[in-house]
Amino acid sequence: MVPRLVIAAPSSGSGKTTVATGLMAAFAARGLAVSPHKVGPDYIDPGYHALATGRPGRNLDAYLCGPELIGPLFLHGARGCDLAVVEGVMGLFDGAAGEGELASTAQVAKLLRAPVVLVVDASAQSRSVAALVHGFASWDPEVRIGGVILNKVGSDRHEELLREALESVGVPVLGVLRRAERVAVPSRHLGLVPVAERRDEAVAAVAAMRAQVERGCDLEGLLALASGGGALDCGAWEAGAALSSELPEGPARRTAGPPGPPRPPSPDGAEGGRAGRGRRVPVVAVAGGPAFTFSYAEHAELLVAAGAEVVVFDPLRDERLPDGVDGLVIGGGFPEVYVSELAANEELRKAVAGLAESGAPVAAECAGLLYLCRELDGREMCGVLDASARMGERLTLGYRDAVAVSDSVLAAAGTRMRGHEFHRTVVEPGAGQAPAWGVRTPAPRVEGFVQRGVHASYLHTHWASAPGVARRFVERCRTS
């Protein structure tokens, strides 16, 4: 049994992130090991969660991974923890468009048998709050609303009116937060600004969230509610239980930088690096730093479980790829914000192009796709792909049902996967001679590029939904 809470709201903008992150930080400050989770595909909120808890922020997405993997992924992340806090997505019952409750906070709460704390923006209401909470508490009997936290309360009198109204609903008030501008976190076209771009300010923001939650919330009551969730029925997840054996305790990773002591030889006596292929631990370089902040924690863990050593490097700072690199993973992020710096790092761009030309495996998603293009907003990029990228006017957003069109380092042709698009850029052409994916939604099309060992696409996927992806990639690193 893992004590757990799901922090939800009637709609986006109600204060879920403030409350969830503040609770994580407050309980961690009490000495509890807190496991942070986020419903949905969001990469940015988990960065703030990690800052609050000192543990990797993890996603629980029933569309990308399937409902059967929510339990195993949760238990993997919460292993050894005293408490898990799960931040919801959008409104409590909002899920994948046209798919009913699929990928909603409500569905995840039911799969985890977790009590829900409803965060209500009370800034423009008083007695009406009772009707709102009653509606959410009674809509789905399988979703247990265990308490309410009132956010953006204006005064003592306002709080009194809200509490009086909620007495008739039977849902306890577990917190009252006053308006506090200093807790606000700046946003951009894709949501909050990532932690990696504003480390000092993010630390201050998390501290402010913690202070506000500690002042206004009944932490003992919330902890008691979390402990009342009961044991998880792991038998219901038998189809996904094997994932737990795929994932290690944590990734064995190093960070590119000044040379350190030599790495020990692998168990069979061969060292890492591109020499002696097939007999050593392959090295997979993963792009990080402020420009490439979008990555699911399980990706690195699955690479390690498949036998790789993961090395994180920063394309803004590092002028060369890590020593002995055999494969490259470039995830999502905001390269358009750092296009000048990326363009100026000519040595690294040439190294990336050279690695791709050698046939080494390269997996690029969204921001990684842009980085591999000839140019981004008129500035020179790596030139691996004969394509040009630019900022657009329209936000492309949504879940996608996809099938691999071409054999690649990630998947055999015909492999079905689900993904997520989230960008405001345009790549022309949108697909190469060998496209990466055929996408059925919102309209049938092909997209992305497969050439030599490169797989580049706008589609974000969660490799835990198909652990064979990581195994295939690592095996290609050994043999390419």
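Select strand β4 to start, and look at both of its faces: L83, V85 and E87 lie on one side, A84 and V86 on the other, and all of these are buried. As you look around, keep in mind that this is a predicted model. In general, side chains in a regular strand alternate between the two faces of the sheet. Strand β4 covers residues 83–87, and because five of its five residues are buried, the rest of the structure largely encloses it.

**Stop 1: the neighbours of β4**

Keep β4 on screen and add strand β1, residues 4–8. These two strands pair in the parallel sense over four bridges. For a landmark, label A84 in β4 and find R4 opposite.

Now add strand β2, residues 34–39. Its pairing with β4 is also parallel, this time over five bridges. Which residue of β2 stands opposite A84? Label S35 and you have it.

**Stop 2: the whole sheet**

Next, bring in the remaining strands of this sheet. Seven strands make up an open sheet, and reading across gives the order β3-β2-β4-β1-β5-β6-β7, with parallel pairing. Where does the sheet end on either side? The edge strands are β3 (58–60) and β7 (173–178), each of which pairs on one side only. Turn the view along the sheet to follow the twist, which averages 25 degrees from one strand to the next.

Moving across from β1, select strand β5, residues 116–121. β1 and β5 pair in the parallel sense over three bridges, and V6 stands opposite V116 in β5. Then select helix α2, residues 45–53, which packs on the sheet and touches β2, β3 and β4. The direction of α2 makes about 170 degrees with that of β2.

**Stop 3: an enclosed helix**

Go to helix α3, residues 70–78. Is this helix enclosed or open? Eight of its nine residues are buried, so α3 is largely enclosed by the rest of the structure. To see the buried set, select I70, G71, P72, L73, F74, H76, G77 and A78. Step just past the end of α3 to G80, where phi is positive, at about 80 degrees.

**Stop 4: two helix pairs**

For packed helices, the useful descriptors are the angle between the axes and the distance between them.

Begin with helix α5 (residues 128–139) and helix α6 (residues 156–166). They pack at an angle of about 45 degrees, and their axes are 8 Å apart. The two helices are therefore oblique to each other. The crossing of α5 past α6 is right-handed. Show side chains for V129, A130 and V133 in α5, which meet L162, A165 and L166 in α6. Coloured by class, this contact has six nonpolar residues, no polar ones and no charged ones. As a general aid to reading such patches, an α-helix has 3.6 residues a turn, so residues three or four places apart point the same way.

Then switch to helix α1 (residues 16–29) and helix α8 (residues 219–227). What angle do they make? It is about 95 degrees, with the axes 12 Å apart, so α1 and α8 are roughly perpendicular to each other. Select L23, A26 and F27 of α1 together with L219, L222 and L223 of α8 to display the contact. By class, the contact of α1 with α8 has six nonpolar, no polar and no charged residues.

**Stop 5: strand β17**

Now travel along the chain to strand β17, residues 388–404, and pick out T396. At 12% relative accessibility, T396 counts as buried. Beyond its neighbours within four places in sequence, T396 is in contact with E421, F422 and H423.

S388 is in β17 too, and counts as buried at 16% relative accessibility. Leaving out residues up to four places away in sequence, S388 touches R374, E375, V426, V427 and E428. Draw a distance between the C-alpha atoms of S388 and E428: the two residues are 40 apart along the chain, and the separation is 5.4 Å.

**Last stop: zoom out**

Finally, show the full chain, with its 14 helices and 23 strands. Of its 480 residues, 56% are buried. Among contacts with a separation of 6 or more, 76% come from residues 24 or more positions apart.

Methods:
Residues are numbered from 1 along each chain as its sequence is written. This is a predicted model: local features need pLDDT of at least 70, side-chain atom pairs count only at pLDDT 80 or more; totals for chains, interfaces and linings use all residues. Side-chain values use heavy atoms; hydrogens and water are left out. Buried means under 20% relative accessible area, exposed over 50%, partly exposed in between (1.4 Å probe, protein chains only). Contact means heavy atoms within 4.5 Å. Two strands pair if DSSP finds at least two bridges between them. Axes are lines fitted to C-alpha atoms, for helices over the stretch in contact, and angles run from 0 to 180 degrees between N-to-C directions. Angles under 35 degrees count as roughly parallel, over 145 as roughly antiparallel, 65 to 115 as roughly perpendicular and the rest as oblique. A crossing is left-handed if the near helix is turned anticlockwise from the far one by less than a right angle, and right-handed if clockwise. Ala, Val, Leu, Ile, Met, Phe, Trp, Tyr, Cys and Pro count as nonpolar, Asp, Glu, Lys and Arg as charged, and the others, Gly among them, as polar.
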